[in-house]
Amino acid sequence: MTLESRFYAITVIIYRVLVANLLFILASLPLVTVGASLSGMIAVLQDTEDQKYWSVFWWAFRMSFWYSLPPVFFSVMSALFIHQFLGSVGKESLLMWGVRMLFTSFLICYNLNLYVLQAKLHTKHFYQLFRLSFVFTAVTLMKTVLFPIGALLLLYVSLRFLGGIIIVFFCSTLMMIYLKLIDSSVSRLI
């Protein structure tokens, strides 16, 4: 077995996902650091050459800590809005349910794109970041509209069959899938 084998490549990916997720969970314990932790996780998942994941994560964390605070505040407000929006369900038509799910999916992808674009573009201008993330989300919506729904279904099935151990893989695996979905669009943007 050589270092170029398929087994070795899969092992490296699994190790990267585990390290990224564990560092994300540890660094997110004070909830105000979730944005910087997401930036660190994105850096680890995107880094293909350097296998010093610990240092890559903490470098990205430090670089984006102060600049991730406004997106974190916006994400918290979005989460509260989604909670209220989905909690106010009464009798509604199938069309209204579809519009509600589409809007919720857009808002989740918009919030993810805030962190992805901030990590990729290293921008410190919040107005530009929020505007660019909105346009980017609108353009990539056809690729990513089912991502939040699929992620919730994957979590439900995984928890049912694998139990709580799935949390070790969950966040970083989903972020890796999401990054693969939007990779070509982000590279065109850069």
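# Notes on the helix packing

1. A good place to begin is L80, which is found in helix 4. With 49% relative accessibility, L80 counts as partly exposed, because the exposed class starts only over 50%. Please keep in mind throughout that this is a predicted model. As a handle on distances, L80 and W54 are separated by 26 residues in sequence and by 32 Å in space, C-alpha to C-alpha.

2. Staying with helix 4 (residues 69-87), have a look at S75, which lies in that helix. Is S75 buried or exposed? Its relative accessibility is 17%, so S75 counts as buried, the limit for that class being under 20%. Once neighbours within four places in sequence are set aside, S75 is in contact with N111 and Y115.

3. Next, helix 1, which covers residues 6-27. Its 22 residues should span 32 Å at 1.5 Å a residue, and the end C-alpha atoms are 31 Å apart, so the two values agree. The buried residues in helix 1 are V12, R16, V17, V19, A20, N21, L23, F24 and A27. When you look at their spacing, remember that an α-helix has 3.6 residues a turn, so residues three or four places apart point the same way.

4. How do helix 1 and helix 3 pack? Their axes are 10 Å apart and the angle is about 40°. That angle makes helix 1 oblique to helix 3, and the crossing of the two is right-handed. From helix 1, the residues V12, Y15, R16, V19, L23, F24 and A27 take part, meeting Y53, W54, F57, W58 and F61 of helix 3. Sorted by class, this contact has 11 nonpolar residues, no polar ones and 1 charged. W54, the partner in the distance quoted for L80, is one of the helix 3 residues here.

5. Helix 3 (residues 53-64) also packs with helix 2 (residues 34-46): the axes come within 8 Å and cross at roughly 140°. Helix 2 is therefore oblique to helix 3, and it passes helix 3 in a right-handed crossing. On the helix 2 side you will find A36, S37, S39, G40, M41, A43 and V44, and these meet Y53, V56, F57, A60, F61 and S64 in helix 3. The class count for this contact is 9 nonpolar, 4 polar and no charged residues. It is worth displaying Y53, F57 and F61 here, since these residues of helix 3 meet helix 1 and also meet helix 2.

6. Helix 5 (residues 94-121) has 28 residues. From first to last C-alpha it reaches 39 Å, close to the 40 Å expected at 1.5 Å a residue. Just after helix 5 comes H122, with a positive phi near 50°.

7. Finally, which residues join helix 2 to helix 5? G35, L38, S39, I42 and Q46 in helix 2 meet Y115, V116, A119 and K120 in helix 5. The axes come within 9 Å and cross at roughly 60°, again in a right-handed crossing. By class, the contact has 5 nonpolar, 3 polar and 1 charged residues. Two residues link this point to earlier ones: S39 also meets helix 3, and Y115 is also in contact with S75.

Conventions
Residues are numbered from 1 along each chain as its sequence is written. This is a predicted model: local features need pLDDT of at least 70, side-chain atom pairs count only at pLDDT 80 or more; totals for chains, interfaces and linings use all residues. Side-chain values use heavy atoms; hydrogens and water are left out. Helices (H or I, at least four residues) and strands (E, at least two) are DSSP runs, numbered from the N terminus. The expected span of a helix is 1.5 Å times one less than its number of residues. Buried means under 20% relative accessible area, exposed over 50%, partly exposed in between (1.4 Å probe, protein chains only). Axes are lines fitted to C-alpha atoms, for helices over the stretch in contact, and angles run from 0 to 180 degrees between N-to-C directions. Angles under 35 degrees count as roughly parallel, over 145 as roughly antiparallel, 65 to 115 as roughly perpendicular and the rest as oblique. A crossing is left-handed if the near helix is turned anticlockwise from the far one by less than a right angle, and right-handed if clockwise. Contact means heavy atoms within 4.5 Å. Ala, Val, Leu, Ile, Met, Phe, Trp, Tyr, Cys and Pro count as nonpolar, Asp, Glu, Lys and Arg as charged, and the others, Gly among them, as polar.
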